[in-house]
Structures are given as C-alpha cells and as structure tokens.
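Colleague: Hi! Could you walk me through this structure in plain words?

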Amino acid sequence: MKKVEKKDVKLVREKSPGYGERQRRAPLYEQLVKHASRHPHPFHVPGHKMGHSFDQIGRETFGPLLELDMTEITGMDDLHHPEGVIAEAQELAAEAFGAEETRFLIGGSTVGNMALIMAVCRPGEKILVQRNCHKSVFHGMMLARANPVYIVPAVDPASGVAAGLRREDVERALIAHPDAKAVFLTNPTYYGMGIDLAKMAATVHRFGVPLLVDEAHGSHYGFHPAFPQSAMESGADAAVQSTHKMTTALTMSSMLHVQGNRIDRERLARSLALLQSSSPSYLLMASLDLARRHLVMEAAQEWDELLPLLDELREAVRELSWLELAGIESTSVYSTMDPLKLMLMPRAADLDGFGLQQVLEDFRIYPELADTGHVLLAASSGTRPADIDQLLHALTSIPEKPDRQPKRILQPGIVSSSFLREQAMPIHEAMDAPLVSVPLEQSLGRIAGEMIIPYPPGIPLLTPGERIDESFLALLKELRKSQVRFQGVRDSRLDSIVVVR
C-alpha cells in the first residue's frame, strides 16, 4: 500500500463563534485528572481506592486508569442530575453532534433504545417498528408494554441481506395506524446500508409523530464529507449512537441525541433513570467526553489517510474472481453505504463465509461478523495501513481455481420471508403467558414465547407473539447446520423451542 501524505489537523465543523475553542475541552476527563493530581485520601467507593489495592499482575495494565475510576464525590457531578462537569460534557457533545440535548449512556445503545420507547409509548399503545431492528428495541417494547406494528425491510438483491425501510411502506403503515405514537427504524444497518433519512423524516413528520433512529453504527456520520448525513442533520427527533462501535469511546459507552418538541424529555429522563446504573462508570463517561473531542479535532485527518487505502483495497478485491464486495448498484434497495464497512461475499461453492473467516483468522485478522454468505469487516479511524496490507495479503493467499464452481446466491425472498410472520399476540403478552418447551418439529402453528437471535448482529428471526410457520422452520433447520450462535433461546442446539402453552 502506498503511503498517503499527512494533512494538517483541522476542525471538521465550524459552527458558532468560539466552537473550536470550546470543543478542545474535555471537562469531565480534565476534572478526573485534576482530582487525581491532588493525591487525595479516598474514603469512598470504589474499594480499590484509586488503585491502592488491586490484583498485583492486573495493576500493571489497569494502573493508570484506576485513579480515574471515581464516584459522585464533590466536583464530579452526577449523571442522573448533571449540573457540573457532566452537564458541560453533554452540552459539548450536543453541540458537536448537532442536537439540542445529548445524554451519556453507560449501558450501550441498548439503554437508549429502551428508554426512547418507554418515553413515547404507554401500555397498549402502538409503535411502528422496522422488523430487522436490534433486540434492544424489542426489549424496550416489552418493558413499555407497547404493541408493535412491524414493517418489513427491503432486501438487497445482490447480498441477500435485509436493508432499510421504503418510505411508501412507512407511509402506508401510518395511514393504516393513525394512532401509532412513533416510527422506530435503524440507520445505518449493521452492514452499513442506509436510506435517505431526510426524506423519511419529512414523511413521518407529516403525520405528526416522532422519528426515532437506532444509529448505533453511525456515530461518525456527519463528521467527514465521505460519510452520509447523521440522523440529527436529517431531521430525526432522536438518535441513539454506540459511540464505542465506529468511533473511539470505551465499550458500553453510547450517546442519546434529541431535538424538537415531539418527545417528552421529562419522561425520557425518568426512563433513563430507571434503566441506567445508579453507579455509572466515570471511565466510560470520560471516554465519551474524549471521543467527542477526538471526532471534532483529530478524526478527520485519520480518515483522510485511511479512506484512499480502503479504496485501493476495494479495487484489489474486484480483481478476485471468487469474491464480491457489497456496494451501491442500480438494483440496490439502499441509497447510502458506510465507506468504513466492507461486506465480503465469497462466490465459490467450496468457500463460504465461515471458511473465509477461518482463513482471515489464520492471518490474525478478526472480522466483525461471519455467516454462511458474508464476512463483515469494520474499519475506523484506528485502522492502520498495516491492517489493510495484512488483509490484502490474506485474501490474495487464497488460490484462484479455474474449475471453481459458483456458489448459489441466497435469494432475497428467503430473507424477507423470515420477517413476514403473523403477529398472533402482543409481544409483552406472549412473554407473560404460560410457556412450554416443545420439540422444534412439533412447533408448527404455535405462538413463540422466546426470541431466536443470531448474534451478531442481534436481529431476532423470531419474537414472542409471532406464529411459527413452515418458512421459518425451514430457515431454522438450515441455520442449525451452520456455525451461527444464537441468543435468547433456552435450547442452544435448537432441538426444542419455547412456545405459548
């Protein structure tokens, strides 16, 4: 790979006067460092007392962080009632991400998704939901005792994966369900595919309801010209971002952004108070503070260096006869694609996604996801030229075989059929109903009492309250033969399934 010349660090967004100087601050992180520099005598939790008592071997690694692992003492503010450095850090994040208000999340995007649903729905009320949402959205509906109206996503014909929603499908659902309280969708998808979110927001707002977006994989959107617009820029009412996924915060740390008056923010705050820990991690919150500063001050230069290398990698992949790379085509059902996501699709009968994963791992390359037909790679501002060189080395190590047979490509109808299932009873009622475990072969026509979730990406194939049909059984039997891991199930072998008694 050729080297790309370094560019001067520049601010990604020039906004109101003083924006750059304000964004250079990291008030929460700075307060933690300032407190540690005083060499205080801690008579408060946590019990390791700023690292004075800790596993001797582990201290060599964790040592520098332990003195920043604080609690709500004087000067450290309180996540559940922020008035000091946490409030200031959240205000800086709101400014950077273009929101009116930003909340730090220390339970991942899961907490934000659940809190949003609890904020807009009371028991028995409807919410329109993209059927290939993350499992946390379904959990949120259970907690809120909301009644979901599922909207089936479009399926990409080239890759066979479910993408985003069509505006006309959302509009039809809003007309059919005028009492729905919100529309909840995912953008971008786990695979990096996205829709024209601004047009979707305009459609939803014509009906006077809020648009809620799970933007877990889009925390970098809007911070570089190569990336699509963010949900906030597109007019969404709320967006939840996993700041740790595609940007640089520590794992489990996320943000919730809100704008406009369609969401009851007091109710949202109460929901977050119910769901978030009363002992939030200051390390996670400080990492959000620093990730925001990094996005504004430094990430653009790193992406300027990385993106041309990813383009070169894509060109090299196109030369391999046995491998395809997902991208926007004339037949695509999505309009944006995250340039940091690489979805590799092996097209040879003797090499599936799991086989390609094994080859990559032999070269110490660890993908984000593998299934029978795909391997998903997630780059970021932290991806190095050496990482891309090694990836290309691994891919070109697989020999070209003139007699290699093409692989049968999964038809979109097979994927979409996994979301076309009768909702026989509300999701929360199915969870509360008497349940029984039955052999899988005897479950036809029964109402599901558990989720079946391939993980990753964490999108349920079956949710409580849905009726089990022949197409689902056929799909599940096929998946049992693969290396897919499942969450939410009582029987990990899937010989049996939990249904409503």
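Modeller: Happy to; we will go through sheets, cores, domains and a few single residues.

Modeller: One thing before we start: this is a predicted model.

Colleague: Good to know. Let's start with sheets: in which order do the seven strands of the open sheet come?

Modeller: The order is 1-8-7-6-4-2-3, and the pairing is mixed. Strand 1 (101-105) and strand 3 (147-151) are the edge strands, each pairing on one side only. From one strand to the next, the twist averages 20°.

Colleague: Can you show me one pair in there? How many bridges join strand 4 to strand 6?

Modeller: Four bridges join them, and the two strands run parallel. For a spot to look at, find Thr186, which stands opposite Asp214 in strand 6.

Colleague: And what holds paired strands together in general?

Modeller: Strands of a sheet pair through backbone hydrogen bonds, either parallel or antiparallel.

Colleague: Which strands does helix 11 lie across?

Modeller: Helix 11 lies across strand 1 and strand 8, and runs at about 135° to strand 1.

Colleague: Now the four-strand sheet. What is its order?

Modeller: That open sheet goes 9-11-13-12, with antiparallel pairing. Strand 9 (323-325) and strand 12 stand at the edges with a single partner strand each, so one side of each has no neighbour in the sheet. Strand 12 pairs with strand 13 in the antiparallel sense over two bridges. Leu369 has Leu376 in strand 13 as its bridge partner.

Colleague: Which helix lies across strand 9 and strand 11?

Modeller: That is helix 12 (residues 299-318), running at about 10° to strand 11 (341-346).

Colleague: I clicked on His374. Where is it found?

Modeller: His374 is in the loop between strand 12 (369-370) and strand 13 (375-378).

Colleague: Is His374 buried or exposed, and why?

Modeller: His374 counts as buried because its relative accessibility is 6%, and the cut-off for buried is under 20%.

Colleague: What does its side chain reach?

Modeller: The side chain of His374 reaches the backbone oxygen of Ser159 at 2.7 Å. Leaving aside neighbours within four places in sequence, His374 also has contacts that include Val161, Met343, Gly353 and Leu369.

Colleague: Changing topic: how many residues are in the largest nonpolar core?

Modeller: The largest nonpolar core has 81 residues, and among those with the most contacts inside it are Trp322, Leu360, Phe486 and Ile497. Helix 11 (residues 282-297) gives the most to this core, with nine residues. Domain 1 (300-397) and domain 2 (421-500) each supply at least three residues to this core.

Colleague: Is there a general idea behind cores like that?

Modeller: In soluble globular proteins, nonpolar side chains tend to be buried together.

Colleague: What does Leu360 touch?

Modeller: Not counting residues up to four places away in sequence, Leu360 touches Ile365, Pro367, Val375, Leu377, Leu391, Ala394 and Leu395. There is also a second, separate core of 32 residues, which includes Val120, Ala238, Val240 and Leu268.

Colleague: You mentioned domains. How far apart are the C-alpha centres of domain 1 and domain 2?

Modeller: The C-alpha centres lie 32 Å apart. The contact takes four residues from domain 1 and five residues from domain 2.

Colleague: Where does strand 17 fit in? How many of its residues are buried?

Modeller: Five of the five residues of strand 17 are buried, so this strand is largely enclosed by the rest of the structure. Strand 17 runs antiparallel to strand 14 (residues 435-439), and five bridges join the two. Within that pair, Val438 stands opposite Ile497.

Colleague: Any odd backbone spots? Which residues does a cis peptide bond join?

Modeller: One cis peptide bond joins Val45 and Pro46, with omega about 0°. Pro46 is in the loop between helix 2 (27-37) and helix 3 (56-66). A cis peptide bond also joins Asn187 and Pro188, with omega about -5°. Pro188 is in the loop between strand 4 (183-186) and strand 5 (193-194).

Colleague: What about phi at Met252?

Modeller: Phi of Met252 is near 90°, a positive value in a residue other than glycine. Met252 is partly exposed, with a relative accessible area of 44%. Leu494 is not a glycine and has a positive phi of about 60°. Leu494 is buried, with a relative accessible area of 2%.

Colleague: Thanks, that gives me plenty to look at!

Technical notes. Residues are numbered from 1 along each chain as its sequence is written. This is a predicted model: local features need pLDDT of at least 70, side-chain atom pairs count only at pLDDT 80 or more; totals for chains, interfaces and linings use all residues. Side-chain values use heavy atoms; hydrogens and water are left out. Buried means under 20% relative accessible area, exposed over 50%, partly exposed in between (1.4 Å probe, protein chains only). A polar contact is a pair of N or O atoms within 3.5 Å; within protein, one must be able to donate a hydrogen and the other to accept it, and residues adjacent in sequence count only if both atoms are side-chain atoms. Contact means heavy atoms within 4.5 Å. Two strands pair if DSSP finds at least two bridges between them. Axes are lines fitted to C-alpha atoms, for helices over the stretch in contact, and angles run from 0 to 180 degrees between N-to-C directions. A nonpolar core is a set of buried Ala, Val, Leu, Ile, Met, Phe, Trp, Tyr and Cys residues joined through side-chain atoms within 4.5 Å. Domain bounds come from an automatic or database domain assignment.
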